[in-house]
Amino acid sequence: MKIMFTRKEKIFLTIFLVLYILVSILNFQQLKRTPMEEIFGGLGKRWIVDINGFRFNPMTIIMGSIIAVFLIILAYKMRKFEIIPNRKQALIESILETFYEIVDESIPDKRFVKPTFVIATTLFLFIAVSNVIGGAVPGISVVAARDGSIQKIALFNDTWQAPTGDLNTNLTYAVFVLVVSHVFAIKSKGFKEWLKGWFYPNPVMFPINLIGELAKPISHSLRLFGNIGGGAILVYILSYMTKYFFAPIIFWGFFGIFVGLVQAFVFSMLAVAYISSQLS
């Protein structure tokens with residue numbers, strides 16, 4: 001299949017690639033003069049704010065809010081679909097249609113197809129955008145000290161911090177999916193039948209069923225966190241070894257675009273599977 005670009009798209013891609021290579025060269029020059037202890041000193045440390053015992057990473061909230069606003073604006077601009085779609089509309093329609101077909105085939109109670117479809121596609125879009133900008137787009141990064149305070153703010157020597165690189169974000173989404181799946185199950189089967197499911201096929205199985213449900217959000221969130229957080233650390237180390245020059249561009253693109261999109265798809269499909277299992 002031959003991919004065609006418009007004049008504006010060619011200009012955008014050219015500018016992006018030029019800036020991308022320029023950032024790589026600047027990092028190459030900087031890292032040559034930076035000792036390894038200083039580069040890896042902040043690895044794995046996060047900027048943490050503590051308000052009366054409530055600890056959080058402000059970058060997760062900032063980036064999560066920016067992505068949410070971006071998706072809302074994008075949805076508002078594309079709220080009117082044309083009868084004869086252009087390429088962007090055709091791409092979005094094909095993605096949404098694919099998701100809808102998967103959800104429609106998976107959910108046994110058709111009353112919950114539409115809400116499950118909305119949840120799955122919203123999770124996919126948010127996580128996909130988060131993973132791409134956090135894995136492939138250079139931006140502002142905050143280097144934290146051991147106590148969580150800001151050590152320095154770096155510009156374009158690392159990618160943006162992906163909200164999905166914070167376990168709290170992924171765990172929030174996973175718990176949300178768990179709660180929604182049980183709410184749907186109660187509405188679909190009734191409270192009595194839902195309660196019986198905890199003791200199926202025998203009351204002796206209750207502890208096993210309980211552990212199985214509690215394990216879902218843990219495995220659901222850790223899978224995404226491990227791939228995104230671990231991938232970022234791997235790229236960081238390889239970037240230093242090759243001085244950020246040519247290979248890291250490929251790594252950024254690979255983890256940000258390919259792995260990021262795959263993990264977003266896997267996370268949303270697991271959400272559909274968990275909801276489907278409760279409705280079955």
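Which residue's side chain meets that of Glu 193 in a salt bridge? In this predicted model, the partner is Lys 196, and the N to O distance between the two side chains is 3.5 Å.

## Overall architecture

The protein contains 9 helices and 4 strands, and, read from the N terminus on, these elements follow the order α-α-β-β-α-α-α-β-β-α-α-α-α. Among the contacts with a separation of 6 or more, 70% are accounted for by residues that lie 24 or more positions apart.

Of the 280 residues in the protein, 36% are buried. The area that the protein exposes comes to about 17,100 Å², and carbon and sulfur atoms supply 71% of that area.

## The salt bridge in helix 7

The count of salt bridges in the model comes to 4, and the pair formed by Glu 193 and Lys 196 is one of them. Both residues belong to helix 7, which spans residues 191-197, and their spacing of 3 residues corresponds to about one turn of that helix.

Both partners fall into the intermediate class of accessibility: Glu 193 is partly exposed, with a relative accessible area of 41%, and Lys 196 is likewise partly exposed, with a value of 47%.

## The salt bridge in helix 8

Helix 8, covering residues 206-241, holds Lys 216 and Glu 213, which are 3 residues apart and thus separated by about one helical turn. The side chains of Lys 216 and Glu 213 meet in a salt bridge, with an N to O distance of 2.9 Å.

Here both partners are buried, since a residue is placed in that class when its relative accessible area is under 20%: Lys 216 has a relative accessibility of 15%, and Glu 213 has a relative accessible area of 12%.

## The pair Arg 111 and Asp 109

A further salt bridge joins Arg 111 to Asp 109, and the closest N and O atoms of this pair are 2.7 Å apart. On the arginine side, Arg 111 counts as exposed because its relative accessibility of 55% lies over the 50% cut-off for that class.

On the carboxyl side, Asp 109 is buried, with a relative accessible area of 15%, so that this salt bridge links an exposed residue, Arg 111, with a buried one, Asp 109.

Note on methods. Residues are numbered from 1 along each chain as its sequence is written. This is a predicted model: local features need pLDDT of at least 70, side-chain atom pairs count only at pLDDT 80 or more; totals for chains, interfaces and linings use all residues. Side-chain values use heavy atoms; hydrogens and water are left out. Buried means under 20% relative accessible area, exposed over 50%, partly exposed in between (1.4 Å probe, protein chains only). Helices (H or I, at least four residues) and strands (E, at least two) are DSSP runs, numbered from the N terminus. Contact means heavy atoms within 4.5 Å. Accessible areas come from the Shrake-Rupley method with a 1.4 Å probe; for residues, only the protein chains shown count as cover.
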